[in-house]
Amino acid sequence: MSKRLKELLLEVCKVFDKLKIPYALIGGCSAIYYGSPYITRDMDFVVVPESVDFELMQSLKKLGFEPTERYEAVEELRAFGQFVHKETSIVLHIFPEVDGFSLIEGIEINAAEAGEDKIRICTLEDYLIMRASVWHDEDKQKAIVIVRAQGKNLNLDYLMKRAKEEKVTRRIKWLLKFQK
Amino acid sequence: MKYDLEKIDRKIEERKNIKFLDFIDQMQDLLELKNVKKIKRVTFGSMQSI
């Protein structure tokens with residue numbers, strides 16, 4: 001029987017922790033954490049790129065993730081890592097940064113308890129900032145879903161501070177009109 | 001673009017009953033279903049012959 005995704009996600013997070021790679025789960029899986037009803041085929045992470053080396057790739061291979069590229073220099077892996085899990089076909093992306101988000105001073109992260117394990121997840125507000133920074137129709141729809149699901153739990157001070165930093169204040173204000 | 005907020009809210013309500021990691025696990029089953037390439041369509045009454 002193939003490995004369950006829940007177990008797989010926790011194991012990837014454990015690898016980051018073991019190798020002392022600061023990370024945050026972003027994208028569709030983070031949206032699910034915040035109540036999105038939509039499934040995803042990707043596990044997306046932002047990491048601090050300087051902390052990544054080939055040991056990460058070896059550890060991910062042990063979990064069944066195969067790199068889709070030939071990473072010959074560590075800088076290539078730090079610039080963008082893409083792996084496919086053989087059993088589940090889940091695609092793992094490791095980004096040094098994405099539009100609207102990177103792990104720099106001042107960024108808040110949620111540490112979600114999962115039994116004895118922890119999963120570090122981008123905040124609700126940063127999820128919206130990322131969607132607003134890309135802002136295709138699909139991103140607007142995904143952001144509206146999270147605003148409907150979590151509107152009452154938004155930290156508006158942090159959200160507006162981040163919106164200003166990323167120059168997406170108008171877009172965020174538009175999204176907030178969908179709060180229940 | 002118009003957004004079907006009623007549908008979004010309904011789906012969010014349904015999701016509330018499923019914990020984060022349980023949904024991740026259920027997602028696997030849904031993705032595997034999506035991977036099925038061949039679906040045999042049958043008429044009620046002929047199912048014993050599948």
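Reader: How do α5(A) and α7(A) lie with respect to each other, roughly parallel or roughly antiparallel?
Author: Helix α5 (residues 124-134) and helix α7 (residues 156-166) of chain A pack at an angle of about 30°, with their axes 9 Å apart. Helices (H or I, at least four residues) and strands (E, at least two) are DSSP runs numbered from the N terminus, while axes are lines fitted to C-alpha atoms, for helices over the stretch in contact, with angles from 0 to 180 degrees between N-to-C directions. Angles under 35 degrees count as roughly parallel, over 145 as roughly antiparallel, 65 to 115 as roughly perpendicular and the rest as oblique. α5(A) and α7(A) are therefore roughly parallel.

Reader: What kind of model is this?
Author: Residues are numbered from 1 along each chain as its sequence is written, and chains are lettered from A and ligands numbered from 1 in the order in which they are written. Local features need pLDDT of at least 70, side-chain atom pairs count only at pLDDT 80 or more, and totals for chains, interfaces and linings use all residues, since this is a predicted model.

Reader: Which residues of α7(A) make the contact with α5(A)?
Author: Two residues are in contact if their C-beta atoms, placed from the backbone, lie within 7 Å. From α5(A) come A:Glu125, A:Asp126, A:Leu128, A:Ile129 and A:Ser133. The residues of α7(A) are A:Tyr158, A:Leu159, A:Arg162, A:Ala163 and A:Glu166.

Reader: How many residues of domain 2 of chain A take part in the contact with domain 1 of chain A?
Author: Chain A is divided into domain 1 (1-122) and domain 2 (124-180), with bounds from an automatic or database domain assignment. Their centres, taken over C-alpha atoms, are 23 Å apart. Domain 1 of chain A gives 13 residues to the contact, and domain 2 of chain A gives 16 residues.

Reader: Which partner in β7(A) is bridged to A:Asn110?
Author: Strands β6 (residues 109-114) and β7 (residues 117-122) of chain A run antiparallel and are joined by six bridges; two strands pair if DSSP finds at least two bridges between them. They form a hairpin with two residues between them, and A:Gly115 in the turn has a positive phi of about 65°. The bridge partner of A:Asn110 is A:Ile121.

Reader: Which helix supplies the largest share of the side of chain B that touches chain A?
Author: 19 residues of chain B are in contact with 19 residues of chain A. On the chain B side, α1 (5-15) and α2 (20-35) each supply at least two residues. The largest share, nine residues, comes from α2(B).
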